[in-house]
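Biologist: I would like a close look at one part of this model, the second largest pocket. Please take me through its lining, and then set it against the chain as a whole.

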Amino acid sequence: MDFHHPQLIGDCLIHIFTFLSGDDLISVSTVCKDWHEVAETPWLWRRMCLQRWSFCNLAALGGDQVTLSWKKYFQQRSHLEKNMTEGRSGNYTCKSLRGHTGRVVGLLYLQGNSHLLPDLSKTSAIVCSASTDGTVRAWDIQNGESLWCSPVQSPLTGIVADEKEEVIITSDSTGLIKTWQGQTGQELASFSTASSHCTLLQYNIHNNWFLTVGTGQGSICTLADLTLTKKSSLMVCDSFKVNILLVSPDKKWIVAGTKENDDLSLKVINGESLTSPSEDEDFLCQTVPVPGCQAAVFIPTQPARLAIIHRTELRGNKALTVFDVSIKKMKYKTEIQVQQMESFPLMLNHYSSQILLEAKNSNCIVLAAGDQLWVYSLKGVVLANFKDHIMPITSICVDSFRVVTASQDLSLRVLTWKNGKDGGLTLESQYQLLGGSHTMSRGFTHVACDYVSIVASVEGNNGKDVLKAYSFTS
C-alpha cells in the first residue's frame, strides 16, 4: 500500500471491513487509531443494519451523535434480539394481569411495538382482553396495571382492534357489536346482529373504515364507519356459522365460510360489492373449488394469494391448496377467477381437531395441529417440524423475528427465524416460558406478540383467567 495516500488505505479498509460481523468490527476498532476511525464510519454500520433488517427506525434512538447513531442502533437492536433469542432469566420481566372473573375469549395489542419498524426507545404497550365476564379490559403490560374496564354486559365472544384509530370492537353472546375508544374505554357505537356467534373482521378500503361480521346463521353483515352503519348483508353458508373470515392484503377480496360442513366451500366476494353495494347488481362472488375447509390464510406478501387446508376424498386425509384470486372483465359481465397454483398432501394426524395456519412470506407457511408445529414451503416441502409440547397447541403468533406457540401444557415455546444453508428461511426452537402451576391453571389459551413482548392468557381452574406478560429489555 502507498502510505503517502492515507485516503486510499482508508477506502481499502472500508471495503475489507464490509466482510466483518458487528462483533468483529468492534474488535478491529481497538487495533489502532486509523482502524478505529475507519471502523466508526457511519456507512459501514448503516450497511450492516440494512443487511440484517429491512427497515430501521433510527430516529427512535434520539441524541445528537449522528456519526455514531447507526452503530448504536445496531448494537442496541442486536443485543435486544440476542436477549429475545436466549430467553435467559434477567433478560425479561413477567407480570401477571388479574381482574377478569371469567374466561378470556381473545386478546390483542392496541398499542404495541411493530416488528416491521420497531421503536427501541418505546417501553410501553397496551393490550386489551375480552372475557365471558362481559368486560373488556385494557392493560399496561410493562407496569402490570389495569388502565380501564368496560361496564359489564352479556358474555363477550370476540374482540378485534383497529390500531390506527385506537378502536376496540367486541361481540357478545346476544350478537351485540360494540366499538370502544381504546384510550379511555368509552363506548362509541353498537349494532345488533341477533346472533349468538359472531366472527369479526375489520379493514380499511381507500381510508374508509369497515367491519364485516360473520353470523351463526351463515350470513355476513358489513358495517361502515365507527357509527356501525349497515351497508350490506349476504348469505354464504346457510344454517352454518361463519367461522372463517379473511381480507386479502390488497383489500379487494373477502373470504368467508364455515368449518362445520365438509360439503361446503369457501366463498370469495369482491370487497366493493359488500362495502358499496348496487341495487341493480348482484354480489360479485365465486366459490373456491375445494370443499371441507379446515383453515385458511392469505399470503401477506402477495396481493391475493390464498392458502387453504381442506379435507380430501380419502377419509381423514388433508391437503393444502394455494389459489390466486383475480378479476376478469368481459364485454357483458365481470367475474372472479380463483386459479389453483399449488396443491400437496399434509402429514397431519387425522384426529387433530384444531388446525392453526399462519403465513410468514411468499414461500413459507406455519401450521400447528395437535402438539406439533410444521413449517412448509408453498411447494409442499417440509422446512421444519417440531414437537416441543406434550399437549395440544391452542394458539400461535408469527412475525418476522419469531414464532410463539401456546399450549395446554401451560408453556409457551419461542422459536426464531434464521437463514438456512440454501439461503431460504428455517425455524429454530429456542426456549420455553412457563405459565405457572397446574394446580391453579389448565393451560394457555391465546397468545399475541409485538416486537419486544409476549402476552398470553392462562385458563384458571377457578374459572378466572389470568394474562401473563413477558417484556424483553435491551
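Modeller: Helix 5 is the element that gives the most to the lining of the second largest pocket, contributing five residues, and in this predicted model that helix covers residues 66-86. Helix 4 (42-52), strand 28 (411-419) and strand 29 (425-434) also take part, each of them supplying at least two residues of the lining. Altogether 23 residues line the second largest pocket, and those lying nearest its centre are Arg52, Trp53, Glu81, Ser400 and Phe401. Sorted by character, the lining of this pocket holds nine polar residues, seven charged residues and seven nonpolar residues. The space that lies within the second largest pocket comes to about 670 Å³.

As for the chain around the pocket, the protein contains 32 strands and six helices. Its radius of gyration is 25 Å, close to the 23 Å that the globule rule gives for 474 residues, so the chain is as compact as a globular protein of that length. Measured out along its principal axes, the C-alpha trace spans about 85 × 60 × 45 Å. Of the 474 residues, 52% count as buried, which here refers to a relative accessible area under 20%. The protein chain exposes about 22,400 Å², with carbon and sulfur atoms supplying 49% of that area. Finally, when contacts between residues at least 6 apart in sequence are considered, 45% of them join residues at least 24 apart.

Definitions and conventions. Residues numbered from 1 in each chain as written. Predicted model: local features only at pLDDT ≥ 70, side-chain atom pairs only at ≥ 80, totals over all residues. Heavy atoms only, no water. 1 Å grid on protein atoms, 1.4 Å probe; cavity = no way out; pocket = protein on both sides within 12 Å on 5 of 7 lines; lining within 4 Å. Points joined across faces, edges and corners; volume = space filled by probe spheres on them. Helix = DSSP H or I, 4+ residues; strand = E, 2+ residues; numbered from the N terminus. Nonpolar A, V, L, I, M, F, W, Y, C, P; charged D, E, K, R; others polar. Rg over C-alpha atoms; globule rule 2.2 N^0.38 Å. Buried < 20%, exposed > 50% of the residue type's maximum accessible area, 1.4 Å probe, protein only. Contact = heavy atoms within 4.5 Å. Areas by Shrake-Rupley, 256 points an atom, 1.4 Å probe, with all protein chains shown as cover.
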